[in-house]
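Trainee: Hi, I'm new to this one. Can you walk me through what you see?
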Amino acid sequence: MANQTNDNAAQKAYKQLQGKHETQRPVLKNCLRAFLVGGIICAIGQAVMYFYIYFFNFTEQTAGNPTTATMVFFALLLTGFGVYDRLAQFGGAGSAVPVTGFGNAVISAAIEHRSEGYVLGVGGNIFKLAGSVIVFGVFSAFVVALIKTIFIQLGG
Amino acid sequence: MPGKHFKAVYFLLIQFVILLVAAGCGNEERMKEGTALIQQTDPPALDVRSTTYQKDGLPEKVKKEVAGIDGIYDVAVVQNGKKVLVAYKVNHMRRFQMKKIEKEVNTHLKKRFKDNEFIVSSDYKIFLETVRLNEMLMDQDVPKEKAKKKFKDIESLQKEMT
């Protein structure tokens, strides 16, 4: 019993010591960088969307799908060339939150496991990181659709 | 080696500047349609059948009514018989209330002009196509059938969305 209390006190003391020597995270700087990088990515996305509206037969509602696909494709190219990693180092969440972060998660997993073969390596690992996002998206869409259907059936 | 990269970047920059200058020297009529998505265009309200602008015509009256509604800042109107196409842009901060504004425009127009049928939209694509049709009509030498076909195309585009 006495041993346990001694351990706890040592742990507490160690935590305090760690907190003293820990380098402070530059939260405000990180936020600003994320805002800048995320904003630039979204501005490019908006330009791509206007491109589809202007030159093709897409309305504001339908132009979102090809825009998403194009942005993911851009992210794939940039990841392949090694540019997106540097952007992510600088921008942090600003590069991970937009849909380009999803593209980056897919292709980086594919590149990492390329040496293990196309089927078991690339095929088996390509959705290792992004798979949970897809499953979460599909499942939450299913739940929301279910709730809406129940409401409509009840006459809401 | 860095010199080579610098040359390539320099070459790209010059190309970009030439492209910008060429775009700036373009036809002014085209520029209006070209910047319709990002700038206020305020095109004159026209009728597919008459093609000449009438200051006190129905399309112009409709335009004034719609432009007077709170939150709307750029209106394009084209009439084809009883059907009137109304496309507008909503202020950025009011875009969360798009549905409410569309409802307001619809009820307002139906109350004010009982004999007409209105195709109302705040979609950028519909606005852009309406401005394009408007410019087509301003060119005068465009056959009426072509303008009517374009009107129908926009109508079907709007129906696709709903």
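Mentor: Sure, and one term to begin with: contact means heavy atoms within 4.5 Å. This is a predicted model, where local features need pLDDT of at least 70, side-chain atom pairs count only at pLDDT 80 or more, and totals for chains, interfaces and linings use all residues. Residues are numbered from 1 along each chain as its sequence is written, chains are lettered from A and ligands numbered from 1 in the order in which they are written, and side-chain values use heavy atoms, with hydrogens and water left out.

Trainee: OK, how many residues does the contact take from chain A and from chain B?

Mentor: Chain A gives 9 residues and chain B gives 13 residues.

Trainee: And what area is buried between chain A and chain B?

Mentor: About 1100 Å², with 55% of that from carbon and sulfur atoms. Buried area is the accessible area (1.4 Å probe) that two parts lose on being put together, summed over both. On the chain A side, A:Y50, A:Y54 and A:E60 lose the most area to chain B, together 57% of what that side buries.

Trainee: Which side chains meet in a salt bridge there?

Mentor: B:R95 and A:E60, at 2.6 Å, N to O. A salt bridge here is a side-chain nitrogen of Lys or Arg within 4 Å of a carboxyl oxygen of Asp or Glu. The count between chain A and chain B is 1 salt bridge.

Trainee: How many salt bridges does a search of the whole structure find?

Mentor: It finds 11 over all chains. B:R95 sits in the loop between β3 (83–90) and α4 (98–112) of chain B, and A:E60 in the loop between α2 (27–55) and α3 (64–81) of chain A, so this pair joins two chains. Those helices (H or I, at least four residues) and strands (E, at least two) are DSSP runs, numbered from the N terminus.

Trainee: New topic: where is B:Q40?

Mentor: In chain B, in the loop between α2 (28–34) and β1 (46–47). Leaving aside neighbours within four places in sequence, B:Q40 is in contact with B:Y73, B:D74 and B:K89.

Trainee: How many residues apart in sequence are B:Q40 and B:D74?

Mentor: They are 34 residues apart in sequence and 6.1 Å apart in space, C-alpha to C-alpha. As for B:Y73, its backbone oxygen lies 2.8 Å from a polar atom of the B:Q40 side chain.

Key:
Polar contact = N/O pair within 3.5 Å; in protein donor to acceptor, adjacent residues only side chain to side chain.
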